[in-house]
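I sat down with this model today and kept notes as I went. Here is what I looked up, entry by entry.

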Amino acid sequence: MKQTLSEDEYKTAREAIMMHVRKVVPYALMVAVASGLYMFFNVFGEIKEDGMSYFQILLSIKAFLGLWLGFRGINQKLFGINPWVFKSHFFPFSLVVIIILLSQMMYV
């Protein structure tokens with residue numbers, strides 16, 4: 001949008017979009033965390049004597065990253081607490097990409 005709109009038009013358009021994104025994304029995050037917790041408790045399985053399986057290790061890492069993002073999102077939306085303020089969305093977005101990649105690698 002920056003390339004085709006003037007600076008004022010860009011700011012207006014971005015804020016109009018972000019107004020709706022701020023309403024939807026935190027609730028989508030809560031649904032993702034809840035479904036992830038359900039998956040963790042129903043799919044993780046028993047840890048054998050020789051340790052965790054490849055699947056269990058990746059699921060544990062994925063759960064940790066997802067819970068961290070979920071904890072941050074729930075605090076921000078429900079309690080108005082804005083922990084770990086970021087200047088950009090690069091770090092949280094990177095965690096989401098890592099979670100997606102782990103999801104794909106779990107079943108390889």
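**Entry 1, glutamine 56.** I started with glutamine 56, which I found in helix α2. The model is a predicted one, so I kept that in mind throughout. Is glutamine 56 buried or exposed? Its relative accessibility is 5%, and because the cut-off for buried is under 20%, glutamine 56 counts as buried. Next I looked for a polar partner, and the side chain of glutamine 56 reaches the backbone oxygen of phenylalanine 44 at 2.8 Å. I also listed what glutamine 56 touches, leaving out residues up to four places away in sequence: Phe44, Gly45, Glu46, Ile47 and Gly51.

**Entry 2, aromatic rings.** Phenylalanine 44 made me curious about the rings, and I noted that Phe40, Phe41 and Phe44 form one aromatic cluster. How many aromatic pairs does a search of the whole structure find? It finds four. One of them joins phenylalanine 40 and phenylalanine 41, edge-to-face, with 5.6 Å centre to centre and 90 degrees between the planes. I checked accessibility for both: phenylalanine 40 is partly exposed at 21%, while phenylalanine 41 is exposed at 65%.

I then wrote down another edge-to-face pair, tryptophan 68 with phenylalanine 91, at 5.7 Å centre to centre and 85 degrees between the planes. Tryptophan 68 sits in helix α2 and phenylalanine 91 in helix α3, so this pair ties together parts that are 23 residues apart in sequence. Tryptophan 68 is partly exposed, with a relative accessibility of 22%. Phenylalanine 91 is partly exposed too, with a relative accessible area of 41%.

**Entry 3, helix α3.** That pair led me to α3, which covers residues 90–105. I counted 16 residues, and the helix reaches 22 Å from its first C-alpha to its last, close to the 22 Å expected at 1.5 Å a residue. Which residues of α3 are buried? My list reads Pro92, Leu95, Ile99, Leu102 and Ser103. Looking down the axis of α3, I saw that its buried residues fall within an arc of 105 degrees, so they line one face of the helix. As a reminder to myself, an α-helix has 3.6 residues a turn, so residues three or four places apart point the same way. On the face of α3 turned away from the buried side I found the exposed residues Phe90, Phe93 and Gln104. I also asked what the buried residues of α3 pack against, and noted α2 (54–78).

**Entry 4, serine 103.** A serine among the buried residues of α3 deserved its own note. Serine 103 has a relative accessible area of 19%, so serine 103 is buried. Its side chain makes a polar contact with the side chain of lysine 62, at 3.0 Å.

**Entry 5, the core.** Last, I went through the largest nonpolar core, which has 10 residues in all: Phe44, Phe55, Leu58, Leu59, Leu65, Leu69, Leu95, Ile99, Leu102 and Met106. Which elements give two or more residues to this core? They are α2 and α3, and α2 gives the most, with five residues. I picked leucine 69 for a closer look: not counting residues up to four places away in sequence, leucine 69 touches Leu29, Pro92, Leu95, Val96 and Ile99. For background, I jotted that nonpolar side chains tend to be buried together in soluble globular proteins.

Notes:
Residues numbered from 1 in each chain as written. Predicted model: local features only at pLDDT ≥ 70, side-chain atom pairs only at ≥ 80, totals over all residues. Heavy atoms only, no water. Expected span 1.5 Å × (residues − 1). Buried < 20%, exposed > 50% of the residue type's maximum accessible area, 1.4 Å probe, protein only. Arc of directions from axis to C-beta. Contact = heavy atoms within 4.5 Å. Core = buried A, V, L, I, M, F, W, Y, C linked by side-chain atoms within 4.5 Å. Polar contact = N/O pair within 3.5 Å; in protein donor to acceptor, adjacent residues only side chain to side chain. Phe/Tyr/Trp six-rings, centres within 6.5 Å; stacked < 30°, edge-to-face > 60°.
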